[in-house]
Amino acid sequence: MQDAALKSIRRENYAAPAYWISDVNLTFDLDPAKTRVLNRMRVRPNTHITRPEPLRLDGEELDLVRVLINGQGATFRIEESERGNQLVIEQVPAEEFDLEIFTICKPEKNTTCQGLYVSQGTFFTQCEAESFRRITYFLDRPDVMAEYTVMLRADKKQYPVLLSNGNLLDQGDLPDGRHYAVWNDPFPKPSYLFALVAGNLVCREQRIRSGVGKSHLLQVFVRSGDLDKTEHTMNSLMHAIAWDEARFGLLLDLNRYMIVAVSDYNMGAMENKGLNIFNTKYVLANPSTATDTDFFNIESVVGHEYFHNWTGNRVTCRDWFQLTLKEGLTVFRDQEFSMDMAGTASAKAIKRIEDVRALRTVQFPEDAGPMAHPIRPDAYAQVDNFYTATVYEKGAEVIRMMQTLVGREGFAKGISLYFERFDGKAVTCDDFAQAVADANPHSELAKHLPQFKRWYSQAGTPRIKASGWYDAGNNTYRLTLSQSCPPTPGQPTKEPFVIPVAVGLIAASDGGEMPVQFANEEIGQDGTRILTLTETEQSWTFVNLDTEPVPSLLRGFSAPVILEMHMSDAHWLTLLANDTDPFNRWEAGQRLALDRAIRFVKDNAEVQLDAPFVDAMRAVLRDEKLDAGFKELVLTLPSEAYMAEQFDVVDPQRIHQVREAMQQQLAELLYGDWIAVWNANQPAGGYQLNHVAAGQRALANLALSCICRAAAKEGMAVWEGKAYQRFKDADNMTDRLGALRALLACRSKLAQPAMERFLAQYHHEALVVDKWFTLQSTASDHDGDVLPRVRELLKHPDFSLSNPNRARSLISAYCQANPAGFHRADGAGYAFWVEQVLALNKLNAQVAARLARALDNWRKLAQPYHEKAQAALQQVASHTDLAPDVKEIITRALALPEQGE
Ligand code: TRP
Ligand code: ZN
């Protein structure tokens, strides 16, 4: 970092704490204006530290009233620190002692959604990563684990429900209409897992019995009126509990497990021990307010937070550089959970494709830009900025590669050994990788462990170049793979990775799967084999191939890499039509589309789709053996963001034009097929939530929007009428929104009345109103019409900058999910971004810092976008009161890029 004002901390400087805290006793007198917190701790010096050090406790925005050691007034001072301040006590007893700290905070003034805050009259906390220090002075770091006992006191009428972690020990009434509750969490935990909730909430309850016969109470707390939207969340929780028991033998360890929904929230959800706090977006759903995607997201987030109970809570991180230890592993677990819940092979593949699509649209650009960092970063200024797609999603891919290298059973053994060794401890990524390798001593992982761990230390997306040569005389096929990785900030050169490449062979002649037999093997094997690429370049020879094979590489996306493979269209078409690996079938279709898009963009030529491509797409639509959901994915063109990834110089407007034109042609050229698809996928009976039905809805909605596009050009209003009818009559949000999108996509006259009707109908459903805003902020741009509308919506009575979901639905959606609307030649999109980043900077630095990332990859933009984006970044950088979170993002974006060798 060039800016001296922005200090970063480094992983290599980790030092154990000078003191430990074993017990924490907190008493809260809750009052929105002035909450009093009495914090009594048992503290003891860390005996491994020989030189006596002062006790330094972190605090932020606290009014300190008193400090007592063993009941006596203590001498202390306050020092400013990077974030907030530190309470420094030079003289402490040599033996264990009682430390009592009394502070006051102001929850209703807190707009950050961190620490203790008020949302719609209810108290909530969010402590990860470093916000417990906004509640009381503490050793606010994850390697300090303590047992918490918490007394909550509040007005009984306004705050009838008082919750904290663990078990309810006592509750009762107090004078003056107040009441209290006492909670104890028997599991020692780091401060970031502390939580409390106090307010007027109702709950859905469920008693369950675990496999070993223990009884548990599950509760989902929401505002009154929302109970009818909690059934799916409760079901998801029960499924998650059963799944972790079945797949990994991990049991629920608490008598009571609570989930609470909050509408003002910076992220998705938080795994506080026994008291998960969730963004309403990932709790509230019924068919009339939530789409299929919303339902599936809830299942995965509920699973994610539940799985943290073991991977994160029972075993936690030693320091925040190890964040992927819990996040990468837990994302991997929630992905596996969702896949297992999906059931059929096709539904599993769809989930995998969606995960990979997300990785490519968000994580690949991150790895190619100024924020690129290894999944275990070496330095940061603000840890909040490192809750990234790299730490989460790429982190999950690294875990997945481990599973591939040791096998599914071997991986479960590794997990068991990990808990055997580290239950109750705060550990590192090295500890995890070592446990998985030690449980599988003869595996490829154990063999290459130090090299494999480069995935933890090197940033950037590796590229694999593949080339093959078929020797018809000897019936052999020689495959050569080479790897390289571009420079990233602070890492000009890279060492080779260990890359598992899943491979199969498909006959070029008839599309049949061919047995894979290596030169040193007696017989071949059907199906997928794993090649372990460890060198810069390596070759493999396959034998006994009496016809030419088409290689199907990186099946199931076996590694988070970019595969550069130059094959003829004919071979890609063979894979699209025949690959037994559904992921690669989809991938072949995407390649064919991407190749065409790249050509149209580069040649600046008129978009004209060729017959072989259109015929192949038609064949997929007509294939009776394929699921509707899979067809929908194949027929959906790669996103503008993923297309942009393919260029060194990006022209977002040209990419948008090309993609729109390709979509229009697919709509027109396959018109009859789209109608057939629409007719074949009509709802039968009421709404059902399962992957087959959801796939049919997805395909029908894609068909409807294609038909409307094609029909609009022909001036046929009848289809718009049908879409409007579907919009009105649909018995679920997926179809209602699908029809609305179709009307918007073809710029129908009926779109406007439909939008008005939609808002009137769902005015009291905040999550649906968010969708209404996003429909407009992400609308396909025509002659710059999106920005003026977005500016108008800023003044809409339902808009609010302080509600993170609402702010994201309009502002972030426009800046980060509408490239052509945002990257305007006149720079007006960037001017809007400057305004909003600065407005949010004062209100909520976390949300501001995420929005700030919209211009991360400005260096790749063509002119005039490039210079206008740079000017916008400089304008933000010149502000004197930037929150450290925002400052870090802007400073990195403007830093000079790393040069390769
Ligand atoms: N640990 C949470 C999760 O991934 C992430 C999270 C929730 C978070 N709220 C946060 C991270 C606030 C930083 C700040 O499950
Ligand atoms: Zn998580």
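Biologist: Why does Ala-730 count as buried?

Modeller: The relative accessibility of Ala-730 is 11%, and buried means under 20% relative accessible area, exposed over 50% and partly exposed in between, with a 1.4 Å probe and protein chains only as cover, so Ala-730 counts as buried. Ala-730 lies in the loop between helix H19 (718-729) and helix H20 (733-745), where helices (H or I, at least four residues) and strands (E, at least two) are DSSP runs numbered from the N terminus. This is a predicted model, in which local features need pLDDT of at least 70 and side-chain atom pairs count only at pLDDT 80 or more, while totals for chains, interfaces and linings use all residues. Residues are numbered from 1 along each chain as its sequence is written, chains are lettered from A and ligands numbered from 1 in the order in which they are written, and side-chain values use heavy atoms, with hydrogens and water left out.

Biologist: What makes Gln-725 partly exposed?

Modeller: Gln-725, which is placed in helix H19, has a relative accessible area of 40%, and therefore falls between the limits for buried and exposed. Its C-alpha atom is 59 Å from that of Tyr-137, with the two positions 588 residues apart in sequence.

Biologist: How do you know on which side of the limit Thr-280 falls, buried or exposed?

Modeller: Thr-280 has 11% relative accessibility and therefore counts as buried. Thr-280 sits in the loop between strand S21 (275-279) and H2, and from C-alpha to C-alpha it is 9.0 Å from Ala-269, eleven residues away in sequence.

Biologist: What makes helix H14 mostly covered?

Modeller: Eight of the eight residues of H14 (residues 628-635) are buried, among them the charged Lys-631 and Glu-632 as well as Phe-630 and Leu-633.

Biologist: Which residues are closest to ligand 1?

Modeller: The closest are Glu-128, Ala-269, Glu-271, Glu-305 and Tyr-392, out of 15 residues that surround ligand 1; a residue is near a molecule if one of its heavy atoms lies within 4 Å of it. By class, this shell divides into six nonpolar, four polar and five charged residues, where Ala, Val, Leu, Ile, Met, Phe, Trp, Tyr, Cys and Pro count as nonpolar, Asp, Glu, Lys and Arg as charged, and the others, Gly among them, as polar.

Biologist: How far is a nitrogen atom of ligand 1 from an N or O atom in the side chain of Lys-326?

Modeller: The distance is 3.5 Å for Lys-326, against 3.4 Å for the side chain of Gln-126 and 3.1 Å for that of Glu-327, and a polar contact is a pair of N or O atoms within 3.5 Å. Taken alone, ligand 1 exposes 370 Å², of which the protein buries 97%, areas that come from the Shrake-Rupley method. Strand S20 (269-270), helix H2 (292-308) and helix H3 (323-342) are the elements that give two or more residues to the shell, and H2 gives the most, with three.

Biologist: Why is the site of the zinc ion (ligand 2) irregular?

Modeller: The zinc ion is coordinated by His-304 (NE2), His-308 (NE2) and two OE entries of Glu-327, at 1.9 to 2.7 Å, and donors are N, O and S atoms within 2.8 Å of the metal (3.2 Å for Na, K and Ca), with water absent, so sites may look incomplete. The angles among its six donor atoms run from 48 to 160 degrees. Six donors count as octahedral if opposite donors are over 155 degrees apart and all others between 65 and 115, four count as square planar by those limits or as tetrahedral if all angles lie between 85 and 135, and anything else is irregular; the angle of 48 degrees fits neither octahedral range, and the site is therefore irregular.

Biologist: Which spacing do the donors of the zinc ion follow along the chain?

Modeller: The spacing is H-x3-H-x18-E. His-308 in helix H2 and Glu-327 in helix H3 are 19 residues apart, a pair that links distant parts of the chain, and both residues are buried.

Biologist: What makes the backbone at Leu-554 worth a remark?

Modeller: Most residues other than glycine have a negative phi, and most peptide bonds are trans. Phi of Leu-554 is near 60 degrees, a positive value, and Leu-554 is buried, with a relative accessible area of 5%. Arg-747 also has a positive phi, of about 55 degrees, but is partly exposed at 46%. As for peptide bonds, those from Glu-128 to Ala-129 and from Gln-863 to Pro-864 are cis.

Terms used. Polar contact = N/O pair within 3.5 Å; in protein donor to acceptor, adjacent residues only side chain to side chain. Areas by Shrake-Rupley, 256 points an atom, 1.4 Å probe, with all protein chains shown as cover.
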